Amino acid sequence: MSFKRGAFIVIEGVDRSGKSTQCRKLVESLGVKGLKAELLTFPDRKTPIGGLISNYLTDKTCTLNDKAIHLLFAANRWEKNERIKDLLNNGCSVIVDRYSYSGIAYSSIKKDMDINWCMQPEVGLPKPDLVFLLTLTDEEMASRPGFGEERYENINIQKSVKAVFKKFAECEDNWKVISAADTIDKIHQQLLKDVLIKVKEVETSPIENLKF
Ligand code: FDM
Ligand code: MG
């Protein structure tokens, strides 16, 4: 029997679309089915680079240059590059809460931040086998419980980010758009079904690298 790798699954979406809940539930359900799965979250605030990012997000007086913070978010993914590949190569699926697409979306909506420039630091990272985009209408976004105090947590930024995600979903392969307005359980069943198919589909294929 040949070796089987894990699947690399990403969930993207605006704030409060339920990404973290769905990621957790996927890892749980895969485990119940006897499939190895691990959860990663970006930004990973626990590393030294993640600490700088966390400070930038929570302290709005922090005046870090837009390109510098963009590169820190990308570096925070690069420091997990080997971990992701090792897990996948050991037959463990990796479920990720936000990835390069969040990095590109949140940075490229800023003034003088060219989207093609924003994509470059992401090139060469492991490419997800499947990206779920959890979507909310503007009305649904507005009706969800209030924002916290972090940078980017306001409705205009969320709307701009949503538009970038929508373009990715139209242009990239392996993206699946899911309404985040359904119940947690219904969404989970939908995601799980697709993930199980993907796990089978990619088990003998090589891990690809991101390119844009
Ligand atoms: N964010 C997240 C970015 O600006 N760039 C990135 O590369 C990533 C992964 O950080 F507003 C933004 C998105 C969000 C903030 O993310 C923190 P969480 O998921 O809300 O903790
Ligand atoms: Mg948030």
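Reader: I'm looking at helices H1 and H9. What are they to each other, parallel or oblique?

Author: H1 and H9 are oblique to each other. One thing before we go on: this is a predicted model. The general idea is to take the angle between the two helix directions and see which band it lands in. Angles under 35 degrees count as roughly parallel, over 145 as roughly antiparallel, and 65 to 115 as roughly perpendicular, with the rest called oblique. In this case, the angle is about 55 degrees, and the axes sit 10 Å apart. That value falls in none of the named bands, so the pair is oblique. As for handedness, the H1 and H9 crossing is right-handed.

Reader: Which residues of H1 and H9 make the contact?

Author: On the H1 side, look for Thr 21, Gln 22, Lys 25, Leu 26 and Ser 29. H9 brings Ile 184, Ile 187, His 188, Leu 191, Leu 192 and Val 195. Sorted by class, that H1 and H9 contact has six nonpolar, four polar and one charged residues.

Reader: Let's try another pair. At what angle do the axes of H5 and H8 cross?

Author: At roughly 135 degrees, with the axes coming within 9 Å. By the cut-offs above, H5 is oblique to H8 because that angle is not over 145. The crossing of H5 with H8 is right-handed. From H5, the contact uses Tyr 101, Ile 104, Ala 105, Tyr 106 and Ser 108, and from H8 it uses Val 161, Val 164, Phe 165 and Phe 168. The class tally for H5 with H8 is eight nonpolar, one polar and no charged residues.

Reader: How many residues of H5 are buried?

Author: To read burial, you count the C-beta atoms around a residue; 20 or more others within 10 Å makes it buried. In H5, eight of nine residues pass, so the helix is mostly covered. Those residues are Ser 100, Tyr 101, Ser 102, Gly 103, Ile 104, Ala 105, Tyr 106 and Ser 107. They pack against E1, helix H3 (66-78), H6, E4 and H8.

Reader: And the nonpolar core? Which residues of the largest one touch the most other members?

Author: The general idea first: in soluble globular proteins, nonpolar side chains tend to be buried together. Here the largest nonpolar core holds 38 residues, and Ile 9, Val 94 and Phe 132 touch the most other members. Elements giving two or more residues to this core include strand E1 (8-13), strand E3 (93-97), strand E4 (130-135) and helix H4 (81-89). H1, H5, H8 and H9 are on that list too. There is also a second, separate core of five residues, among them Ile 49, Leu 52, Ile 53 and Ala 74.

Reader: What is Ile 9 in contact with, leaving aside its neighbours within four places in sequence?

Author: Ile 9 contacts Ser 93, Val 94, Ile 95 and Val 96, then Pro 128, Asp 129 and Leu 130. Val 195 and Lys 198 complete the list for Ile 9.

Reader: Now the backbone oddities. Where is there a cis peptide bond?

Author: The number to look at is omega. The bond joining Phe 42 and Pro 43 is cis, with omega about 0 degrees. Pro 43 lies in the loop between strand E2 (37-41) and helix H2 (48-58).

Reader: What is phi for Asp 112?

Author: Phi of Asp 112 is positive, about 60 degrees, although the residue is not a glycine. You'll find Asp 112 in the loop between H5 and H6. Tyr 152 also has a positive phi, near 80 degrees, and sits in the loop between helix H7 (138-143) and H8.

Reader: Why is Asp 112 called exposed?

Author: Because Asp 112 has 7 other C-beta atoms within 10 Å, and 12 or fewer is the cut-off for exposed. Tyr 152 has 15 such neighbours, so Tyr 152 counts as partly exposed.

Reader: Last one: where is Glu 203 found?

Author: Glu 203 is in the segment after helix H9 (184-202). With 15 other C-beta atoms within 10 Å, Glu 203 is partly exposed. Outside four places in sequence, its contacts are Lys 4 and Arg 5.

Definitions and conventions: Residues numbered from 1 in each chain as written. Chains lettered and ligands numbered in written order. Predicted model: local features only at pLDDT ≥ 70, side-chain atom pairs only at ≥ 80, totals over all residues. Helix = DSSP H or I, 4+ residues; strand = E, 2+ residues; numbered from the N terminus. Contact = placed C-beta atoms within 7 Å. Core = buried A, V, L, I, M, F, W, Y, C linked by C-beta atoms within 7 Å. Axes fitted to C-alpha atoms, helices over the stretch in contact; angles between N-to-C directions. Left-handed = near helix turned anticlockwise from the far one by under 90°. Nonpolar A, V, L, I, M, F, W, Y, C, P; charged D, E, K, R; others polar.
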